[in-house]
Amino acid sequence: MTIDTNAFTLGPLEAGPPCCEPQTVIQVRNLSLHYESQAALDNVSLDIYKGCITALIGPSGCGKTSFLSAINRMTDLIPGCSVDGRILVDNEDIHHPKTDVQSLRRRIGMVFQKPTPFPLSIRRNLALPLNEHGVTQTKEVTVIIKKALQDVGLWDEVCDRLDAPALSLSGGQQQRLCIARALALNPEILLMDEPCSALDPIASGVVEDLICRLQGRYTIVIVTHNLAQARRIANYAAFFWVRERTGQLVEFGRCRHIFESPRDALTAAYVNGNRG
C-alpha cells in the first residue's frame, strides 16, 4: 500500500510542538530496498519538512531503520543491499553519480540506537570527524567542540576533563556526546535511530528534551517505538507495517492527526495499542 503525500492539506499546526509552515527538504519517491533477495521496503513515498521532527513508528522489522539509513546512503555500507526509487535532498538526487557521499553524510548526521563513542578521549571524539572533513586548525576545532558540547548540555559536565576517556561517561552522557559529534559537523538534517531506547528513564528524558530544543534548528527524523514520546515531540509521523514480510508505509501526516484521527484502521489499531 502506498499513499499520495499530496492528498494531505498541510495547514498551520493546531497543537503539538511548534513548526514552521511545511517546506519540503527531503522527497522520497517509490523507495524500495532489498537485502539480497529479501525486500525490506516496498514503494515508499513521503516528504520530510524542514525544521520539523518526523517520527517513524511501527513494529520491529517494518523497515524504519532501513528507511532512515537510505536517506544518507548508509545502505551503501551494507553488503547485498540494493535501493530503488528516488531520494531528493534540497531537490538534488542523492544517488546521482556525481554525489559526494562524504559531503552528503556531513549534511545528514546519524545517531544510533546504542551510544557509539570512539574509544578515545571526549575531545578526540569530536575533533576526529572534524579533522576527517578538513577542519584542522586547533583554534577553530576548539571553538566548535565547545559549542557542540554546549548545545547538548554537556559542556559544564565535562569541560574540566575533556581528555578523559569518552567511555568513562554515563550512558546518557555518551549518547549526548554522540549527538554533539554529529552537530560538530554542522549538519542540516539529523537522523536518529531510537536514541533513547538504551537509556534509563532519567537519561532518556534528558535526551528527549535535547531533541525538542534542536527542533527548528535542524530537520530531525527519528525512529521510536515509544508512542508517547513520538506524540510528545514530533510534528509529523509516518506509520510503517509489515505485509508479506515487507515493510510498507501505511499512513503519513501531522502527528496529532495520526494519533487522534488516523485515516487507516490499522493505524488506529496500532496507536491505540490493539495491534503491534
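# A walk through the buried interior

Start by selecting Cys62, which is buried, with a relative accessible area of 0%. Keep in mind as you go that this is a predicted model.

**Cysteines**

With Cys62 still selected, show the other cysteine sulfurs. Which one is closest to the sulfur of Cys62? The closest belongs to Cys255, and at 16 Å it is too far for a bond. Now move to Cys81. This residue is in no disulfide either, and its nearest cysteine sulfur, that of Cys62, is 16 Å away. Cys81 counts as buried because its relative accessible area is 18%, and the cut-off for buried is under 20%. You can stop looking for bridges here: a search of the whole structure finds zero disulfides.

**Two cores**

Next, colour the nonpolar cores. The largest has 53 residues, and Ile57, Leu149, Ile179 and Ile220 are the ones with the most contacts inside it. A second core of 34 residues is separate, and among its members are Leu31, Met110 and the two cysteines you have just visited, Cys62 and Cys81.

Go back to the largest core and centre on Ile220. Leaving aside residues up to four places away in sequence, Ile220 touches Cys52, Ile53 and Thr54, then Leu190 and Met192, and also Ile211, Leu214 and Gln215.

**Aromatic pairs**

Show the rings now. A pair of aromatic rings is described by the distance of the centres and the angle of the planes. The count comes to seven aromatic pairs. Pick Tyr49 and Tyr236 to begin: their centres are 4.8 Å apart with 40° between the planes, a tilted pair. Where along the chain do the two residues of this pair sit? Tyr49 is in strand β2 (residues 38–49) and Tyr236 in strand β9 (residues 236–243), so the pair links distant parts of the chain, 187 residues apart. Tyr49 counts as buried at 4% relative accessibility, and Tyr236 counts as buried at 0%.

Another tilted pair is made by Phe67 and Phe240, with ring centres 5.7 Å apart and planes at 55°. This pair also links distant parts of the chain: Phe67 lies in helix α1 (residues 64–71) and Phe240 in strand β9, 173 residues apart. Both Phe67 and Phe240 are buried.

Before leaving the rings, add Phe252 to your selection, since ring pairs link Tyr49, Tyr236 and Phe252 into a cluster.

**A charge over a ring**

Select Phe118 and Arg181 together. Arg181 lies over the face of Phe118, at 4.1 Å from the ring centre.

**Helix α3 and its cover**

Now select helix α3, residues 122–132. Which of its residues are buried? They are Ile122, Asn125, Leu126, Ala127, Pro129 and Leu130. To see what covers them, display α4 (138–151), α5 (155–158) and α6 (171–183), which are included in that cover. Then step to Gly134, which follows α3 and has a positive phi, near 90°.

**Last stop: Gln229**

Finish in helix α8 (residues 227–233), where you will find Gln229. Is Gln229 buried or exposed? At 4% relative accessibility, Gln229 counts as buried. Show its surroundings: not counting residues up to four places away in sequence, Gln229 touches Cys196, Ser204, Glu208, Ile222 and Thr224.

Conventions
Residues numbered from 1 in each chain as written. Predicted model: local features only at pLDDT ≥ 70, side-chain atom pairs only at ≥ 80, totals over all residues. Heavy atoms only, no water. Buried < 20%, exposed > 50% of the residue type's maximum accessible area, 1.4 Å probe, protein only. Helix = DSSP H or I, 4+ residues; strand = E, 2+ residues; numbered from the N terminus. Contact = heavy atoms within 4.5 Å. Phe/Tyr/Trp six-rings, centres within 6.5 Å; stacked < 30°, edge-to-face > 60°. Lys NZ or Arg CZ within 6 Å of the ring centre and 35° of its normal. Disulfide = S-S within 2.5 Å. Core = buried A, V, L, I, M, F, W, Y, C linked by side-chain atoms within 4.5 Å.
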